[in-house]
Amino acid sequence: MQAIGPNPFLFIGAVLFVCGVICMTTKRNGIGVLMGVELVLNGANLNFITFSRFTPLGLDGQVFSLFVIVLAAAEAAVALAIALNFYNNHLTIDVDRGDELHG
Amino acid sequence: MSSAEIILFWLFAALTCGGAISVCVSQNVVRMAFSLVLTLGSTAVLFLLLGADFVGATQLLVYVGGTLVLIVFGVMLTATGPFTRIKSSAADGILSGLIGVIFLFIVASTVTSVRWMDTDKEQGVASKVAFGTHAKAVEGGFNPAQQGNTTRQLGLSFLSLRPDRDLNLSIPSASRKVPNTAPVVPGSPVMEMPEASASEPKLSAGYLLPFEIVSVHLLVVLVGAAYLARTKRRTKS
């Protein structure tokens, strides 16, 4: 068996990214949109770790993936607070109903 | 990689991709949350297989243990009764699936068409241009297999110390100071010392400032989330 190169990992990262983008654009549930963002960030993280392993990027990739994890946690907290506020005001989580700002 | 690692890789690669697709396809929010747990946990195992042990453990602790619990709480607080499943039409699903397949083809073919592990001369020059003179110290990848002990180096890099890059730097022998033992005779011409700062290699940059910025950012996020999610008291007017 030969060793696994970077390409399978990059392909998994691409799958995560595309699934996240599709999830963000098609879900009507606000929490579903949040999950799409998490998927995209994980795809980026997987690419960072892959390049830190297989290229001279070195430890910098792992440091940046740690920052991405922390920022994703912060983003999830704030976005969830906004979603709960939206739910309190509108009694639904459907993002199509949040159309009060249109001109 | 041993054969067990290869089997583990394909198993968790399939789990990751299947979980991600299941998050996309499923209409039920609770099932989406479970698929997301599966996906992120499998990604943590992939991190461990890539030799990033600390990042993999952090992914399990912070992402699966913290962020996803937060999302599951959000699901529980908002998915009451009819809001558990908000369906989109079948035509939308087919269209988005088609666009997703095309998009995946574009991204994957672009990414995999680059030969990342090329170590011939051209690539070596390119990596030396991109990463400076430190490319020699990490030649052949940063983490050789079965090393994976990155915790101490990560912690030191957050303190702006980079032993992983600076430890192998070779100081040119011309710049090494020769102890000047000869007595200085007044009136004799002063010997010119070689410029030490010009030829000595620079130390790599660390991550102390981003670390502090992230800590302040987390504090701001904490205050902001508590402010946004507080229960509003209706004032009687």
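Reader: Why does B:Lys202 count as exposed?

Author: B:Lys202 has 11 C-beta neighbours inside 10 Å and therefore counts as exposed. The limits are 12 or fewer other C-beta atoms within 10 Å for exposed, 20 or more for buried, and partly exposed in between, with C-beta atoms placed from the backbone. This is a predicted model, in which local features need pLDDT of at least 70, side-chain atom pairs count only at pLDDT 80 or more, and totals for chains, interfaces and linings use all residues. Residues are numbered from 1 along each chain as its sequence is written, while chains are lettered from A and ligands numbered from 1 in the order of writing.

Reader: Where does B:Lys202 lie in chain B?

Author: B:Lys202 belongs to the loop between α8 (196-199) and α9 (208-228) of chain B. Helices (H or I, at least four residues) and strands (E, at least two) are DSSP runs numbered from the N terminus. By that rule chain B has nine helices and zero strands. The C-alpha atom of B:Lys202 is 8.7 Å from that of B:Asp166, although 36 residues separate the two along the chain.

Reader: What makes α1(A) largely enclosed by the rest of the structure?

Author: Of the 21 residues of α1(A), 15 are buried, so this helix is largely enclosed. In chain B, 23% of the 237 residues count as buried.

Reader: How do you know that the length of helix α1 of chain A agrees with the expected span?

Author: The expectation is 1.5 Å times one less than the number of residues. For the 21 residues of α1(A), residues 6-26, this should give 30 Å, and the end C-alpha atoms are 30 Å apart, so the two agree.

Reader: What makes α1(A) roughly parallel to α1(B)?

Author: Their axes are 9 Å apart and the packing angle is about 10 degrees. Axes are lines fitted to C-alpha atoms, for helices over the stretch in contact, and angles run from 0 to 180 degrees between N-to-C directions. Under 35 degrees is roughly parallel, over 145 roughly antiparallel, 65 to 115 roughly perpendicular and the rest oblique. The pair α1(A) and α1(B) is therefore roughly parallel. Their contact has 13 nonpolar, one polar and no charged residues, where Ala, Val, Leu, Ile, Met, Phe, Trp, Tyr, Cys and Pro count as nonpolar, Asp, Glu, Lys and Arg as charged, and the others, Gly among them, as polar.

Reader: Why are α3(A) and α3(B) described in relation to each other as roughly parallel?

Author: The axes of α3 of chain A (residues 59-90) and α3 of chain B (residues 53-78) come within 10 Å and cross at roughly 10 degrees. The two helices are therefore roughly parallel. Their contact has 16 nonpolar, eight polar and no charged residues.

Reader: How many residues of each chain are in contact, and which helix gives the most on the side of chain B?

Author: Contact requires C-beta atoms, placed from the backbone, within 7 Å. On that basis 72 residues of chain B touch 63 residues of chain A. With 13 residues, α3(B) gives the most to this side of chain B. The side has 46 nonpolar, 23 polar and three charged residues.

Reader: Where does pLDDT stay under 50 in chain B?

Author: It does so over residues 132-146, for which the model has 22 contacts beyond four places in sequence. Here pLDDT is the predictor's confidence in each residue, from 0 to 100. Where it is low, the predicted coordinates should not be read in detail. Chain B averages 76, with 66% of its residues at 70 or above. The model scores ipTM 0.91 and pTM 0.80.

Technical notes
Contact = placed C-beta atoms within 7 Å.
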